[in-house]
Amino acid sequence: DTQRASSGGGNSHRQLGGGLKRTTSWQRGHRQARAVNAAAVRAILAATSVLADSMAEDGRCVLAQVCHVMRQKLRSRQSLSRSGSSTFSSACSGSAKLPTASFTHEGGQGGKGKENQDISFSARPTSGLHIFAVFDGHGKRYGQLSARSAASFVKSFLCHNHRWLIDCPEEAMRSAFVEAHYAIRRAMLRTNPRMREKDDYLLHWVEYDDEDQKWDAVDGGTTATVVAIFSSTLVVASVGDSSAMLLGRTRSGELSYEQLVADHSPTNIDEYRRLQVDRSGCRIKFVYDCPDFTEWPIFAKDEDGGYVLDMGGLASADAHDCLVKNERDERFTLLLIPSETAQLVPVSDTVAASQPGFSVTSTVVEEQAITMTRSLGDFYAHH
């Protein structure tokens, strides 16, 4: 989310052992996850017929046993809510051999008009190539637009350039992401033609409740995680924090998983090092997101001049009720993009007189907060 949490919503929490506090939305999310579990089970059960076709006999027996247990769980949860959206399909028009199952939810309590900004797709441009992708939009006004625009472009680009993707996957993925970034920009400009372009970011005219109005930077973007499978090769490309997990079993038969690409989050020390080298990036603050808006640093320099986790900053953040957002005890964190004064290109007197704000020649772009170090869109954060 590119909006910084308000103290009104952030202070609602439950105390846990060890002094950590869970957010109300975290607890609500877990209740919601239990409530929508039945829908997820249905999606997986729907996939079993396709899975069975590609399995040996002993594998089909194990699958049947798993399905029996899942059906029992499903019957025991019939009274639970069925909100959310689940789908099952082959990767492209029923012709793919790799089945897919997906589930998405708008978050929080769900419903109540809240926009779901998750977009995914699967494609099979050739018989030997499968592509799967997830885009998680953020930003109240342009989050879904960003996710949809990026997904549409990446799917079209990779399907059209499928030979390049197989021969040079890194270059093809990189080009797809770069062009999707600008596809989001074009989509925003089409949606609101009155936007003004400033360097590498966009400005829109904002009217506040207190009748104040000004030009400010457009916010909104999306994560992108794309997986391509061909021959015996699996390629993963990602920006943001939509994790790609490879699931499997150990030799002893226990379930296991591996995260294929590190999240581009404010706690990623490699991302912090990368931005410290950049002249503009070193102005960005990596901080814990506390309900009282105090800013405690995530990283510090050690005696050798390198960067390490700032344990003092972490302790201070916990003392100021920084909330835990998931079961991994990860705190809420932010990148703070500093404000700046932007000089605007003058327009003709006719345009200035006919459209609000076009007579303004400079504006103060407000500080923006974002929860990831890389994304598509989020033009002010990346400029």
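A salt bridge here is a side-chain nitrogen of Lys or Arg within 4 Å of a carboxyl oxygen of Asp or Glu. With that in hand, let us walk through this predicted model, starting from one such pair. The side chains of E170 and R174 meet this rule, with N and O 3.3 Å apart. Both residues sit in helix α7, and because they are 4 residues apart there, about one helical turn separates them. Both E170 and R174 are exposed.

Stay with helix α7 for a moment, since a second salt bridge starts there. R185 and E197 join through their side chains at 3.1 Å, N to O. R185 belongs to helix α7 and E197 to strand β7 (residues 196-198), so this pair ties together parts that are 12 residues apart in sequence. The two ends have opposite surroundings: R185 has 11% relative accessibility and therefore counts as buried, while E197, at 52%, counts as exposed.

Which parts of the chain does the salt bridge between K214 and E366 tie together? The closest N and O atoms of this pair are 2.8 Å apart. K214 lies in strand β9 (residues 213-217), and E366 lies in the loop between β21 (362-365) and β22 (368-370), so the bridge ties together parts that are 152 residues apart in sequence. K214 counts as buried because its relative accessibility is 15%, and the cut-off for buried is under 20%. E366, at 36%, counts as partly exposed. In addition, E271, R274 and R374 are linked in a network of salt bridges. The count of salt bridges comes to 10.

Now step back to see the chain as a whole. The protein chain has 11 helices and 23 strands. Of its 383 residues, 40% are buried. Its accessible surface comes to about 20700 Å², and carbon and sulfur atoms account for 50% of that area. Contacts across the sequence are a good thing to follow next: among those between residues at least 6 apart, 60% join residues at least 24 apart.

From there we can go inside. The largest nonpolar core has 60 residues, and F135, L158 and V226 touch the most other members. Helix α7, met above through its salt bridges, spans residues 169-191 and gives the most to this core, with 7 residues.

F135 is a useful place to look around. Leaving out residues up to four places away in sequence, F135 touches Q117, D118, I119, F121, A147, A150, A151, V154, T222, T223, A224 and V226. One name on that list, V226, is also one of the residues that touch the most other core members.

Another name on the list, F121, brings us to the aromatic rings. A pair of aromatic rings is described by the distance of the centres and the angle of the planes. The count of aromatic pairs comes to 9. F121 and F135 form one that is stacked, with 6.1 Å from centre to centre and 20 degrees between the planes. This pair links distant parts of the chain, 14 residues apart: F121 is in strand β5 (residues 118-126) and F135 in strand β6 (residues 129-138). Both F121 and F135 are buried. Elsewhere, ring pairs link Y272, F286, F299 and Y307 into a cluster.

Is G240 buried or exposed? This glycine lies in the loop between β12 (233-239) and β13. Its relative accessible area is 1%, so G240 is buried. Not counting residues up to four places away in sequence, G240 touches T223, D263, H264, M372 and R374. Two of these neighbours have already appeared: T223 is also touched by F135, and R374 takes part in the salt-bridge network with E271 and R274. The C-alpha atoms of G240 and T371 are 8.7 Å apart in space, although the two residues are 131 apart in sequence.

The loop that holds G240 leads on to β13, and there our route ends at the surface. L247 is found in strand β13 (residues 245-249). L247 counts as exposed because its relative accessibility is 68%. Together with M245 and Y257, L247 forms a nonpolar patch on the surface, and the three residues have about 380 Å² of accessible area together.

Notes. Residues numbered from 1 in each chain as written. Predicted model: local features only at pLDDT ≥ 70, side-chain atom pairs only at ≥ 80, totals over all residues. Heavy atoms only, no water. Core = buried A, V, L, I, M, F, W, Y, C linked by side-chain atoms within 4.5 Å. Buried < 20%, exposed > 50% of the residue type's maximum accessible area, 1.4 Å probe, protein only. Helix = DSSP H or I, 4+ residues; strand = E, 2+ residues; numbered from the N terminus. Contact = heavy atoms within 4.5 Å. Patch = residues over 30% accessible without salt bridge, like charges linked within 9 Å, V, L, I, M, F, W, Y side chains within 5 Å. Areas by Shrake-Rupley, 256 points an atom, 1.4 Å probe, with all protein chains shown as cover. Phe/Tyr/Trp six-rings, centres within 6.5 Å; stacked < 30°, edge-to-face > 60°.
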